[in-house]
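Hi,

Here is the structure I promised to pass on. Have a look at it first, and my notes follow below.

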Amino acid sequence: MKRLLVVLGAVCLIVLLLGAMHDLAPASVELHAAVAANLTASGVEHPVTAVLLNFRGYDTLLEIAVLLLALIVILAIGREEASNAEATVDVRLLVSPVLQTLAKLATPLMIMVAFYLLWAGSFRPGGAFQAGAVLAAAAVLLHLAELLPSWQSPGARLRLGLAGGFLIFLAVGAGSLMQGALLEYPLEQAGALILLIESGLTISLGLILAGLFLLLSRDDGETS
Amino acid sequence: MMVWLILLPLLWASLAFMLGPSRGVWPAIAGLVAQLWLAFALAAEIVGSGAAMHAVGGWGAPLGIDLVADGLSAAMLLLTQCIALPLAVYAHAYFKRDDPARNYFWPLVGFLLAGLNALFLSADLFNIYVTLELLGLAAVGLVAAGGGAQQIAAALRYLFATLVGSGAYLLGVALIYGTYGTVSTVTLVSLIGADAPDLVWIAGGLMVLGLMLKTALFPFHFWLPPAHGGAPAPVSALLSAVVVKASFYLILRLWVGPFSSLTVVASLVVWFPALLGTLAVFWGSYQAIRAERLKMLIAYSTVAQLGYLFLIFPLLASAGALQAGIMQVFAHGLAKAAMFAAAGTLIKATGQEMVAGLAGVAERLPVTLFAFGLAGITLMGLPPSAGFLAKWQLIELALSQQQWVIAFVVLVGGLLAAVYVFSVLRQAFLLAPADSVVTPVSRTLEWTAFVLAAASVLLGLRGVELMQLVGVT
């Protein structure tokens, strides 16, 4: 009965939305034109990167905070004392050597791809988010091949790596705020500043995304 | 100046994270002192020279994001910082050295406050969504941190509620962007006023309903009592006092801003929030009277007190309704923070959490009980408290427009609040059973709660300044 009501509500909403979208006039504000007109002043050549890091860079700053926060929430919920001692069952033998060799071969390639994506972001699709995701995928692959242990409570260096990218971004924001407006880059340095921010973000996002996986899998020691 | 209110908490939150588990209290308190000063300076500037604007990146809407501080946002910023600083001092004394909830408390609180401050300043619908995410995730983390299975279950329920709420809001934003091609609230006011296709009505409905879920307005309050009642006391205080008010602020903003032309066309729609608010006042008070656990009583009282906020919607057309609503936000915020803080002290001292076990605390913890009583005065709406001022103004407005029902709800709600506040006080003044043990607690815990409670009462004497601030546009 409850499920039926939910389905009925969802169907009604879909019908309403489709009906209302049917007679929709074109939007009155054309943002594509504004983005294209200001692209030369943004410091990068690709419109997506320009929107993410310059026009709406403040959104991105807060998004990075959300990702870092997600990791902190996982750390805050975790019970570190339960997972440490007894979970060290040796499962190394279960993983095939083929997988391990392939993972060892793929990892350097993935790191290279990540840095290519970071560099390509300024003139074609790419950028820190994609590069960080590839880095994180490499870490997850190494973990699944049993070459990288799951993470316990992160140490000082790892915490610096996790928060470093966000702090660089924040520092650029604070610096630009003292000069004028938040995240308003001087025209000549815009490209360099965006590259600096994106480089820091690539490392930190890679670590954060990998951490979301490697921290959550820390209690699975016995079951795998 | 206003941007530092967002950057400072982000900075001390990430510093606290880098320093390591359970570290970072001093950067946090230093940051909070600076934020409090900034909030006062911003309010003074706005009263002097009108609303302030900051174009992030120097682009300006619609290409970039604008931050706008008018009287309403400055007042909310002021309330948030005023409550956060005493609660931070309280939390420092509250958590024991080995309490797992303390490990990541400071980073989580920092991100929570950054989300709140960013939300109050933003004039961009999508940017507001990002701040809602920051806020919701930090709040869920604070509820869950270091807790047992029950606390994590409450946090998970809270997470689902807040995600569904944000999801509905985001769908609304997407529809608005599809219709007008912009998400700037300032630009949208005239665009929606000029032409509002059906899609905008659906978008508005989704956004307001999603935010009502996040505000825990009856009947969407199901997640609030377990989450607020189960969290550690400083967290309950912060969540009940300011976090639920953030989504209320947003409903109010949208209602008098972009969607103001819609509410003129469909004039009956103003009674929808008022009806739910009325039900919330009665249902929340009834549950608070029946509650056996002290923190559940206070959490249900939050459900009831949030109801008053929604009674102002039918009156918004006349001057002063906004001020009455914000006065109630301040009164409840300060009083509820004080009440949860006092309850945390009482529970710590008596070692149990039932109302029935409070006998004898009046002579052992007089300051804490006095704080609880003062906060109760504000919730009941007795003079000279801020709660009295808010209710007085609400009743006056309701009577001047012949809305007898609203005046009646406000009066009865005050009486019901008296019932549950006195049920606690009566128990506390009973003689202690011979075998009861009251462990001594830190003075800091007692006096921070007292400061908050006294502020909620004394604000009534300085209400004119606050109302003047809220009026600045």
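Chain B has 20 helices and two strands. Bear in mind that this is a predicted model, so everything here is computed from its coordinates.

A bit more on chain B. Its C-alpha trace spans about 75 × 55 × 45 Å along the principal axes. The radius of gyration is 21 Å, which agrees with the value near 23 Å that a compact globule of 473 residues would have. Of those 473 residues, 63% count as buried. Looking at contacts in chain B with a separation of 6 or more, 80% are between residues 24 or more positions apart.

Next, the inside. The largest nonpolar core has 257 residues, and those with the most contacts inside it include A65(A) and L68(A) as well as L108(B), V143(B), A338(B) and A341(B). Helix 14 of chain B (residues 321-350) supplies the largest share of this core, 18 residues. If you want one residue to click on, try A338(B): leaving aside neighbours within four places in sequence, A338(B) is in contact with A371(B), A375(B), A449(B), L452(B), A453(B) and S456(B).

And where do the chains meet? Here 46 residues of chain A are in contact with 50 residues of chain B. On the chain A side, helix 1 (2-22), helix 2 (31-38), helix 3 (47-55), helix 4 (57-77) and helix 8 (156-179) each supply at least two residues. Helix 4 of chain A gives the most, with 14 residues. By class, the side of chain A that touches chain B has 33 nonpolar, seven polar and six charged residues.

Cheers

How values were computed. Residues numbered from 1 in each chain as written. Chains lettered and ligands numbered in written order. Predicted model: local features only at pLDDT ≥ 70, side-chain atom pairs only at ≥ 80, totals over all residues. Core = buried A, V, L, I, M, F, W, Y, C linked by C-beta atoms within 7 Å. Buried ≥ 20, exposed ≤ 12 C-beta atoms within 10 Å, placed from the backbone. Helix = DSSP H or I, 4+ residues; strand = E, 2+ residues; numbered from the N terminus. Contact = placed C-beta atoms within 7 Å. Nonpolar A, V, L, I, M, F, W, Y, C, P; charged D, E, K, R; others polar. Rg over C-alpha atoms; globule rule 2.2 N^0.38 Å.
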